[in-house]
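Trainee: Could you take me slowly through one part of this structure, namely the nonpolar core and the helices around it? I would like to follow how the pieces fit together.

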Amino acid sequence: AVLSAELDIGRTRVRQAIDRLMGDGLVEVMPRKGSIVKPVSIDEIMCIIDVRLLNETHCARVAASTAGTALQAQLKQNVAGMWKAAKARQIETAAALDQEFHTLISGATRNLVLIDILRNLHERSTRMWFISLRANEQHLRVCDEHEAIIASILKRDPDKAEAAMRQHIESYRSNVARQL
């Protein structure tokens with residue numbers, strides 16, 4: 001009721017939004033108490049990283065094998081924007097561009113189930129971005145890692161694309177562990 005009044009939208013729409021957030025693992029409903037944002041759990045984040053590692057390395061392989069000129073141009077434009085955001089320490093912009101980068105690569109698979117799973121995992125780990133990017137050198141490291149992934153895709157080298165993606169996700173894992 002409070003959200004409905006505060007946002008000036010109907011209760012049904014608020015309930016639907018909360019149900020969606022519950023389904024995405026971002027909100028917990030506590031009977032007779034209300035809804036809360038699900039706390040960040042190191043175990044959950046590490047599990048998310050494990051699943052990303054398995055799936056996104058596959059996506060990088062596929063992208064290296066199938067990327068056309070449109071995808072290549074989008075990836076180059078994305079990383080240029082990411083460099084700009086990293087140098088300006090615009091964390092929200094960098095986070096949005098990171099999610100777009102990974103969406104572009106997963107989109108190369110044309111597997112709607114996989115794309116949806118990875119979208120959910122990225123949304124669930126977005127909160128960690130703000131923790132993991134406390135140090136500016138991490139912003140720049142992410143840009144370097146994205147550049148390496150793109151270079152492998154442009155060379156149409158699935159093995160190197162997979163290895164670059166693996167290194168990128170493992171770097172994220174190490175950084176998250178350091179920050180927590």
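Mentor: In this predicted model, the largest nonpolar core has 40 residues, and those with the most contacts inside it are Leu75, Ile105, Ile149 and Ile153. Several helices contribute to this core, since H3, H4, H5, helix H6 (112–132), helix H7 (136–154) and H8 each supply at least two of its residues, while the largest share, 9 residues, comes from H3.

Let us stay with Ile105, which, when residues up to four places away in sequence are not counted, touches Cys59, Ala60, Ala63, Leu75, Ile149, Ile153 and Met165. Ile105 also takes part in a contact between two helices, where Arg52, Glu56, Cys59, Ala60 and Ala63 of H3 meet His102, Ile105 and Ser106 of H5. Sorted by class, this contact of H3 with H5 has 4 nonpolar, 2 polar and 2 charged residues. As for the geometry, helix H3 (residues 42–66) and helix H5 (residues 91–107) pack at an angle of about 65°, with their axes 8 Å apart, and H3 passes H5 in a left-handed crossing.

A word on confidence belongs here too: the chain averages a pLDDT of 90, and 96% of the residues score at least 70. Among the elements of the chain, helix H4 (residues 69–87) has the highest mean pLDDT, 96, whereas strand S2 (residues 34–37) has the lowest, 82.

Finally, look at Glu170, which is found in helix H8 (residues 158–179). Glu170 has a relative accessible area of 30%, so it counts as partly exposed.

How values were computed
Residues are numbered from 1 along each chain as its sequence is written. This is a predicted model: local features need pLDDT of at least 70, side-chain atom pairs count only at pLDDT 80 or more; totals for chains, interfaces and linings use all residues. Side-chain values use heavy atoms; hydrogens and water are left out. pLDDT is the predictor's confidence in each residue, from 0 to 100. Helices (H or I, at least four residues) and strands (E, at least two) are DSSP runs, numbered from the N terminus. Buried means under 20% relative accessible area, exposed over 50%, partly exposed in between (1.4 Å probe, protein chains only). Axes are lines fitted to C-alpha atoms, for helices over the stretch in contact, and angles run from 0 to 180 degrees between N-to-C directions. A crossing is left-handed if the near helix is turned anticlockwise from the far one by less than a right angle, and right-handed if clockwise. Contact means heavy atoms within 4.5 Å. Ala, Val, Leu, Ile, Met, Phe, Trp, Tyr, Cys and Pro count as nonpolar, Asp, Glu, Lys and Arg as charged, and the others, Gly among them, as polar. A nonpolar core is a set of buried Ala, Val, Leu, Ile, Met, Phe, Trp, Tyr and Cys residues joined through side-chain atoms within 4.5 Å.
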